[in-house]
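This report describes the packing of one protein chain. The sequence and the coordinates come first, and the description follows.

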Amino acid sequence: MSHYASSASFKSRGLQLLLGVLAAVAVGWGTARAGVLVPALLIVLAVVVPFVIILFTTPRVGIIALLCYCFLFFIIDREVGGAPYGMAIDGLLITTAVAVLVQHRRFDWSYIKNDLVLLTLFWFVVNILELGNPSGASVMGWVQEFRSASFYWLLTVPLSLLLFNQKKDLNLFLVLLIGLSVLGTLNGLKQLYIGLSPGEQQFLDEGNAKTHLLWGKLRVFSFYSDAGQFGASQAHIALVALILGFGPFKKWQKTLLLVAAGLLITGMFISGTRGALFALLVGIGVALLISKNIKALVVGSVLALSALYVLKYTHIGDTNYNIYRMRTALDPQDASLNVRLNNQLVLRNYLDSHPFGAVWAPLGPGASSTTRAATWPPFRPTATG
């Protein structure tokens, strides 16, 4: 009996070995014909298939993966390239939505019965109706804008309400949000003091140097789409960390949050994104007002006004280019600031008569597409550089 068992085991191992050899030969032949695409595809499948299985078992993993991927996918895009990596966002959202529908009995759907979801649906319908806008915009352009401006929102809001509705979920969200933002700061400091990676250098070489290298100084962009997005995000998350740092938490948690806030404010400065300064200051002001804490309001106001005074009326720190550049945001003679103010005036005057946006009126039956293109848009804001 044992003889037959060992014989069967030997045949099984032999079959496995044969299949392994055949698979290796197939992969080698495919690699010789198609390059690294075949092994890369196999690696992707080895990751994607188990991930999808886990996702359908625990759908909230999709939201966690989405948050992390949205922070980090520019690293893959710049350093690897060769594929539309943004489509993975669509894939994550749709797969998570399908997983939720498959397991719909597990969730409390009353969470999505609120004004935010209704507003989301309303905005989605408005964006669909924009297809009929007679301004003659590109359909492909609409598709690109529709994905990020409406479709992502339509899926993200209800999925988050269904899957991330407990205190522990909020805590996890904040840890990921602040942690990944600090990672962005550290990568930004690496760019500034150590140097750029090949993908980051290529990003500048493709035409972005004109907005990210000013007077020979780098506007740090980290693993974000550009320096503007990096600076605005750093200011936003610094505000979140700063507010939480004065909250009712353990001492070590408050210390970590305040350290994170300090790092993120540093990230805001090295981005050279001057508008982010006002987002931070206004946010601090609003937080102090709604806290209803008179002592905190007085102390916070004194500190904020003192910081503004130092930037506006002194030259402290001018030897540091990043502080000097941020100081120009408060200089009424700064050329870039005046261009921005002029653009705001142009937009304000335009919106006085077009509060819901533009509707293109035909120039006449003989008007050519060239003539129409030349008259659109009806205003042309000046680039700020």
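The sections below cover the overall make-up of the chain, its nonpolar cores, its aromatic rings and four selected residues.

## Overall make-up

The model is predicted. Its chain has 385 residues, and 31% of them count as buried. The secondary structure consists of 15 helices and two strands.

About 24000 Å² of the chain is exposed, with carbon and sulfur atoms supplying 71% of that area. Taking contacts between residues at least 6 apart in sequence, 65% join residues at least 24 apart.

## Nonpolar cores

In soluble globular proteins, nonpolar side chains tend to be buried together. The largest nonpolar core here holds 36 residues, and the members that touch the most others are Phe-71, Ile-178, Phe-221, Leu-264, Met-268 and Leu-280. Two or more residues of this core come from each of helix H3 (60-79), helix H7 (167-193), helix H8 (198-212), helix H9 (227-245), helix H10 (251-271) and helix H11 (275-291). H9 gives the largest share, eight residues.

Ile-178 illustrates the packing. Residues up to four places away in sequence aside, Ile-178 touches Ile-237, Ala-241, Leu-244, Leu-257 and Ala-260. Another core, of 17 residues, lies apart from the largest one and includes Leu-66, Leu-92, Leu-163 and Phe-164.

## Aromatic rings

A pair of aromatic rings is described by the distance of the centres and the angle of the planes. A search of the whole structure gives ten aromatic pairs. In one of them, Phe-203 and Phe-221 have ring centres 4.7 Å apart and planes at 45°, a tilted arrangement. This pair links distant parts of the chain, since Phe-203 belongs to helix H8 while Phe-221 sits in the loop between strand S2 (217-218) and H9, 18 residues apart. Phe-203 and Phe-221 are both buried. The pair of Tyr-224 and Phe-230 is tilted because the planes meet at 55°, with the centres 5.2 Å apart. Tyr-224 is buried, as is Phe-230.

Phe-203 also has a charged neighbour: Arg-78 lies over the face of this ring, 4.4 Å from the ring centre. Elsewhere, ring pairs join Phe-124, Trp-142, Phe-146, Phe-151 and Tyr-152 into a cluster.

## Thr-211 and Ser-197

Thr-211 is part of helix H8. Its relative accessibility is 26%, so Thr-211 counts as partly exposed. The side chain of Thr-211 reaches the backbone oxygen of Asn-208 at a distance of 3.2 Å. Between the C-alpha atoms of Thr-211 and Asp-226 the separation is 9.2 Å, and these two residues are 15 residues apart along the chain.

Ser-197 is placed in the loop between H7 and H8. Ser-197 counts as buried because its relative accessibility is 17%, and the cut-off for that class is under 20%. With residues up to four places away in sequence not counted, Ser-197 touches Glu-79 and Lys-190.

## Ser-222 and Thr-273

Most residues other than glycine have a negative phi. Ser-222 has a positive value, near 50°, and is not a glycine. The position of Ser-222 is in the loop between S2 and H9, and Phe-221 of the tilted pair with Phe-203 lies in the loop between S2 and H9 as well. Ser-222 has a relative accessibility of 0% and therefore counts as buried.

Thr-273 is located in the loop between H10 and H11. With a relative accessible area of 13%, Thr-273 is buried. Its side chain reaches the backbone oxygen of Ala-227 at 2.8 Å. Ala-227 also appears among the contacts of Thr-273 that exclude neighbours within four places in sequence. Besides Ala-227, these contacts are Arg-219, Gly-228, Gly-231, Ala-232, Met-268 and Met-326. Met-268 is one of the residues that touch the most other members of the largest nonpolar core.

Conventions. Residues numbered from 1 in each chain as written. Predicted model: local features only at pLDDT ≥ 70, side-chain atom pairs only at ≥ 80, totals over all residues. Heavy atoms only, no water. Core = buried A, V, L, I, M, F, W, Y, C linked by side-chain atoms within 4.5 Å. Buried < 20%, exposed > 50% of the residue type's maximum accessible area, 1.4 Å probe, protein only. Helix = DSSP H or I, 4+ residues; strand = E, 2+ residues; numbered from the N terminus. Contact = heavy atoms within 4.5 Å. Phe/Tyr/Trp six-rings, centres within 6.5 Å; stacked < 30°, edge-to-face > 60°. Lys NZ or Arg CZ within 6 Å of the ring centre and 35° of its normal. Areas by Shrake-Rupley, 256 points an atom, 1.4 Å probe, with all protein chains shown as cover. Polar contact = N/O pair within 3.5 Å; in protein donor to acceptor, adjacent residues only side chain to side chain.
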